[in-house]
Amino acid sequence: MKKKSVLAICAHPDDLEFGCTITVKRLIEQGYKVYYVIATNGENGFKKTIESRQHRIAIRKKEQLAAAKKIGIEKVIFLGYKDGFIEYKETLRKRLTILIKQIKPEIVFSFDPANQEFSSLNLFHRDHRVVGLAAFDACFAAKNNFIYPHKNGACKVDKIYFYGSNNPNYYTNITREIEFKLEVLSCHESQFSNFNEFTERFKERIAQQSKKYKYSEAFRVIEVVNLT
Ligand SMILES: [Zn+2]
């Protein structure tokens, strides 16, 4: 039997480590093959000044690959868009749809396109909004044979897990693995000016997410149902 798979889509290197790394790790432990799609190069989110754009791209790529290796990601696919400038264009939706048709994931992870409250500059980053919307639309297009036809045929994903959602309805208890989540996050060295200080703030922030668990990853999960 073909191994089950998961496709996790994000805008920048580190988004998935913030959003869903332990939940993804659990799926890998259950036997899923997990593929990461990183839409932009992340070259404009740096704590230090590094003049060469190519050098910044290389650093972020290396950090993302190191983080993915820690949890056993099958493959990291870099789409190579410019950080801070990604547009919702036909080509973006098409590329994501084709990836879904090729990989045939049961589960897709993405930013929540329903997040439109603009209450946080980081969370409502333009790239996050654009990629979340395109990923959602790609899940629709992928279950259709005629929109972007592919030799593998259509693919209906079963569930979409939206991380970074303002309206979560599902929590993964990560209390026992919080230190491991931080270890994976620490691969993104270029993103932290003081990792120890970040650790404290981060733990405080995610401790407020769920009443049930000390530390959790929170999602809005939707099931994709066929009406006809
Ligand atoms: Zn981001």
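## Around helices α4 and α5

Helix α4 is followed by Lys104, a residue with a positive phi, near 55°. This is a predicted model, so read every value below as computed from it.

Let's stay with Lys104 for a moment. The residue sits in the loop that links α4 to β4 (107-111), and it is not a glycine, even though its phi is positive at about 55°. That catches the eye because most residues other than glycine have a negative phi. Is Lys104 buried, exposed or something in between? It counts as partly exposed, because 18 C-beta neighbours lie inside 10 Å, and 20 or more would be needed to call a residue buried.

Asp14 is another non-glycine residue with a positive phi, here about 100°. You'll find Asp14 in the loop between β1 (5-10) and α1 (15-19). Asp14 is buried, since 24 other C-beta atoms fall within 10 Å.

### The helix before Lys104

Now back up into α4 itself, which covers residues 90-103. Does its length fit that of a helix, and what span should we look for? With 14 residues at 1.5 Å each, α4 should span 20 Å, and its end C-alpha atoms are indeed 20 Å apart, so the two agree.

Which residues of α4 are buried? They are Leu92, Arg93, Leu96, Thr97, Leu99, Ile100, Lys101 and Ile103. Anyone looking for a pattern in those numbers can use a general point: an α-helix has 3.6 residues a turn, so residues three or four places apart point the same way. The cover over the buried residues of α4 includes strands β1, β2 (33-40), β3 (75-81) and β4, along with helix α5.

### Meeting α5

Helix α5 takes in residues 126-142, 17 of them, and runs 24 Å from its first C-alpha to its last, close to the 24 Å expected at 1.5 Å a residue. Of those 17 residues, 13 are buried, so α5 is largely enclosed by the rest of the structure.

How do the two helices pack? The angle between α4 and α5 is about 55°, and their axes are 8 Å apart. That angle makes α4 oblique to α5. As for handedness, the crossing is right-handed.

On the α4 side, the residues that meet α5 are Leu92, Arg93, Leu96, Thr97, Ile100 and Lys101. Their partners in α5 are Ala134, Ala135, Asp137, Ala138, Cys139, Ala141 and Ala142. Sorted by class, this contact has nine nonpolar residues, one polar and three charged.

### A few residues elsewhere

Strand β2, part of the cover over α4, holds Val34. Val34 counts as buried because it has 26 C-beta neighbours inside 10 Å. Setting aside residues within four places in sequence, Val34 is in contact with Val6, Ala8, Val24, Leu27, Ile28, Ile73 and Glu74.

In the loop between β3 and α4 you'll come across Asp83. Asp83 is buried as well, with 22 other C-beta atoms within 10 Å. With neighbours up to four places away left out, the contacts of Asp83 are His12, Thr40, Asn41, Gly42, Glu43, Asn44 and Gly45.

Ala218 belongs to strand β7 (residues 216-223). It is buried, and its count is 22 other C-beta atoms within 10 Å. Beyond its sequence neighbours up to four places off, Ala218 touches Ser165, Pro168, Tyr171, Gln209 and Ser210.

Glu200 is found in helix α7 (residues 195-207). Is Glu200 buried or exposed? It counts as exposed, because just 10 C-beta neighbours lie inside 10 Å, and 12 or fewer is the cut-off for that class.

Each of these four can be paired with a residue elsewhere in the sequence, with C-alpha to C-alpha distances as follows.

| Pair | Apart in sequence | C-alpha to C-alpha |
|---|---|---|
| Asp83 and Asn44 | 39 residues | 5.8 Å |
| Ala218 and Lys94 | 124 residues | 28 Å |
| Glu200 and Lys62 | 138 residues | 25 Å |
| Val34 and Val225 | 191 residues | 22 Å |

Asn44, which is paired with Asp83 at 5.8 Å, is also among the contacts of Asp83. Lys94, paired with Ala218 at 28 Å, falls within the 90-103 stretch of α4.

Definitions and conventions
Residues are numbered from 1 along each chain as its sequence is written. This is a predicted model: local features need pLDDT of at least 70, side-chain atom pairs count only at pLDDT 80 or more; totals for chains, interfaces and linings use all residues. Helices (H or I, at least four residues) and strands (E, at least two) are DSSP runs, numbered from the N terminus. The expected span of a helix is 1.5 Å times one less than its number of residues. Axes are lines fitted to C-alpha atoms, for helices over the stretch in contact, and angles run from 0 to 180 degrees between N-to-C directions. Angles under 35 degrees count as roughly parallel, over 145 as roughly antiparallel, 65 to 115 as roughly perpendicular and the rest as oblique. A crossing is left-handed if the near helix is turned anticlockwise from the far one by less than a right angle, and right-handed if clockwise. Two residues are in contact if their C-beta atoms, placed from the backbone, lie within 7 Å. Ala, Val, Leu, Ile, Met, Phe, Trp, Tyr, Cys and Pro count as nonpolar, Asp, Glu, Lys and Arg as charged, and the others, Gly among them, as polar.
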